[in-house]
Structure formats: C-alpha cells, structure tokens
Amino acid sequence: MSQLLVTSYGDPRRSIALERAPSPPLGSEDILVEMQAAPVNPSDFLLVKGGYGLRPQLPSPVGGEGVGRVIEAGGQAGTGLVGRRVVILPNYEQGTWADRVATDYRNVVPVREDGDPLQLAMLPINPATAYLLLRKFAELSPGDWVGLDAANSAVGLCVIALARRQGLRTLGIVRRETATRAVRDAGADRVVVGGDGLSERIADALEGEELALALDATSGPIVPELAAALRFRGVLVTYAFVEDPSPGVRAHDLIFKEVTHTGFWLLNWLRHASRKEIERTYHTLDDLVASGELCVPVDGTYRLDDYHEAIDHAMTPERSGKILFTFT
C-alpha cells in the first residue's frame, strides 16, 4: 500500500513523505478500505504544523476523511461491511491519504452507491460541521438571520445551502470582492466584504434586523463585529481559526445583550454523540449529496505520487475549490 506520513511537525511542503509498505494485518474488529478519494483540508495542515487539537506520535499517517470500499474484514464484526462503500469518520485514528486504509469498523459509515465520490469524500468534515452548527447552538425559526465569515469556504457554502432548506436567511462575509459572486450563487441572502466599516455594512445589509446565530471561522478581529450584530441572547460559535489569538467579544454585548460565545470541534461531537446520532447525521447528508443539494466546488484532483503538487495547490490563496487525492 502507499500512504503519506507526517515525518516532522512543520511546513507541510517539507514535513510529509510517501511510504510504500505491505497492507497491515487486520485485527478482529478491523476492516480494510480501498480508497476512492480523500480531500486535503486546512485541519490536515494544522495538524502537520503541530497546532491542531491532536498531536500524534511521529511518523504518523495523515488525512482526516475520505470515501472508499471495504474489501476485507479481520473478523466477524466487520464482515457485514465488505463490499460496501463507506466514508471514514474524521477522528484521526487513521490517515486517509493512502490507497488502502485499515481501521476499526466503527470508524466508518456506509453511504449510497449513487453519490459523486468526490463529494462523498468531503462529506465527513465540512458538511457535517455546517449541519451541526445550525442545530446545536440556537433555537432557529424560519426567517431568522445567520451570519458567517469565510462564507466562500466549504463549510460556509454548506451552511448557506442547509440554512436555505430550513427557511433561514444568511448574511455571508468574505475577505475580497471577487469572492462575493460564489457566495451569492450559493444562495446567500446578503453578502458583504470585510475590512474597515464592516459594522456599518452588516447593519445596512440586515436593514434593522439582528442575527440569531453567528458562525466564525477565523478567531480574528471580526469576532466582536459579529457579536455586536447578534440579537438579545444570540449565539456566536467559533469553529476554526487562522491564527490563535484571544478573540474578544465586547463587554457591552456580553452584559447588556447576554450574547454567548462558544466553540465547536467536530471531533468532540464524534467522541460524545451516540452511534445512532452519528449515522443519522451522515445518512441525511449522504442523501443531500446524492440529490445534488449539497455540492462543494473542486479545484483539482491529484494522484498520491503527485502529493507535492497537491499540497502546493491546496496551500495557494484564492483557490476556487477543494483539492483531493483520487485513487481509482
């Protein structure tokens, strides 16, 4: 089998290497998945740099999610999955940047045969994060406003699509004017560009209304601006960060509007949710991928041997979509 390994913590362009080795022996609860596709995510790079919520002992397989087909089971527990197409849950117990992945049978969820493999490969992290952000933190009613920064990101586009299905309105914030069209085309009700005067642009876009929920992917200076746009007892959720400063919600908003600022990490949900909830969530999203209601733009696909080019492409600013490894 061929797989990519993190060999040292640092720049992903220099800290990842390709290894070829026999497929590992399977334990009694293990399965072997022949991979079809696996995305390159910012969280993967954060892990390689040593700044993620996990810090595995090196060398370590890399890659958080993907889709493939189960071709072997090490024992009775996984035999029912043999021949099934599955997505690998992003618990980082295994690396997915590999042509074959050995993992515990509990670390996969079966999916439909009629979905696009590229879209299914991206299902476990970004669509799941968007789905849970809209359901876990605030009681939302049709017509409520949801604001989000990095609105042109994969999570942002999924939030917009899922919010529309719930009858919610979305205010997308992007860093540059060239990104506004993609967000509008995705169905956002309003789009504004960040920078100086953002508070006024948000207020103008909302036309006197307030956000019920704000979703932050930067942990940066935009945090207090989002919090200020929330209604009484509105909720701001930070689920990603570019750097790791201490974002400050103004005391005025915390005290007088009683806003809540909290965080979300998908891995915590995977650790604590019931198996039934996990499967129900991914089967719902699987159906939306199959119907075309959830679709994340793809900017390029690469073979595993071309991992240097894939990593360079994924680290290029202003991409128009995701980068994935493909194996079939």
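Asp11, Arg13 and Arg14 are linked in a network of salt bridges. That little cluster is a handy way into this structure, which is a predicted model. Within the network, Arg13 pairs with Asp11, and the closest N and O atoms are 3.1 Å apart. How buried or exposed is Arg13? It counts as partly exposed, because its relative accessibility is 41%, and partly exposed covers the range between the 20% and 50% cut-offs.

The structure as a whole holds 19 salt bridges. Side chains of opposite charge can pair when their charged atoms come close. Another example joins Asp114 to Arg112, with 2.6 Å between the closest N and O atoms. Arg112 is partly exposed too, at 32% relative accessibility. Then there is the bridge between Asp144 and Arg231, where the closest N and O atoms are 3.3 Å apart. Asp144 sits in the loop between helix 3 (126-136) and strand 9 (145-148), while Arg231 belongs to strand 13 (residues 230-238), so this pair ties together parts that are 87 residues apart in sequence. As for their surroundings, Asp144 is buried, with a relative accessible area of 13%, whereas Arg231 is partly exposed at 29%.

Next come the sheets. One of them is an open sheet of 3 strands, in the order 2-1-4, with antiparallel pairing. Why is one side of strand 2 (16-20) and of strand 4 (60-61) left without a neighbour in the sheet? Both stand at the edges, and each has a single partner strand, so there is nothing in the sheet on the other side. Strand 1 (residues 2-6) and strand 2 pair in the antiparallel sense over 5 bridges. Looking at one bridge in particular, Ser2 has Arg20 in strand 2 as its partner.

Strand 4 also gives a view of a single residue in its setting. Ser60 is located in this strand, and with a relative accessible area of 10% it is buried. Leaving aside residues up to four places away in sequence, Ser60 touches Leu4, Leu5 and Val6.

A further open sheet is built from 6 strands in the order 11-10-9-12-13-14, and here the pairing is parallel. Its edge strands are strand 11 (190-193) and strand 14 (260-263), each of which pairs on one side only. From one strand to the next, the twist averages 20 degrees. Strand 10 (residues 169-174) pairs with strand 11 in the parallel sense over 4 bridges, and Val174 stands opposite Val193 in strand 11.

Helices lie against this sheet. Helix 4 (residues 154-165) packs on it, touching strand 9, strand 10 and strand 12 (211-216). The direction of helix 4 makes about 175 degrees with that of strand 9. Helix 6 (residues 198-206) lies across strand 9, strand 10, strand 11 and strand 12, and it runs at about 165 degrees to strand 11.

Helix 10 (residues 275-291) deserves a paragraph of its own. Its 17 residues reach 24 Å from the first C-alpha to the last, close to the 24 Å expected at 1.5 Å a residue. Which residues of helix 10 are buried? They are Ile278, Thr281, Tyr282, Leu285, Asp286, Leu288 and Val289. These residues cover an arc of only 165 degrees around the axis, which means they are on the same side of helix 10. What do they pack against? The partners of the buried residues are strand 8 (108-110), helix 2 (117-121), helix 3, helix 4 and helix 9 (266-272). Right after helix 10 comes Gly292, with a positive phi near 85 degrees.

Finally, there is Phe241, in the loop between strand 13 and helix 8 (251-256). At 34% relative accessibility, Phe241 counts as partly exposed. Not counting residues up to four places away in sequence, Phe241 touches Leu46, Gly51, Ala217, Thr218 and Ser219. Pro22, on the other hand, is 219 residues from Phe241 along the chain, and the C-alpha atoms of these two are separated by 37 Å.

Definitions and conventions:
Residues numbered from 1 in each chain as written. Predicted model: local features only at pLDDT ≥ 70, side-chain atom pairs only at ≥ 80, totals over all residues. Heavy atoms only, no water. Salt bridge = Lys/Arg side-chain N within 4 Å of Asp/Glu carboxyl O. Buried < 20%, exposed > 50% of the residue type's maximum accessible area, 1.4 Å probe, protein only. Helix = DSSP H or I, 4+ residues; strand = E, 2+ residues; numbered from the N terminus. Pairing = 2+ DSSP bridges. Axes fitted to C-alpha atoms, helices over the stretch in contact; angles between N-to-C directions. Contact = heavy atoms within 4.5 Å. Expected span 1.5 Å × (residues − 1). Arc of directions from axis to C-beta.
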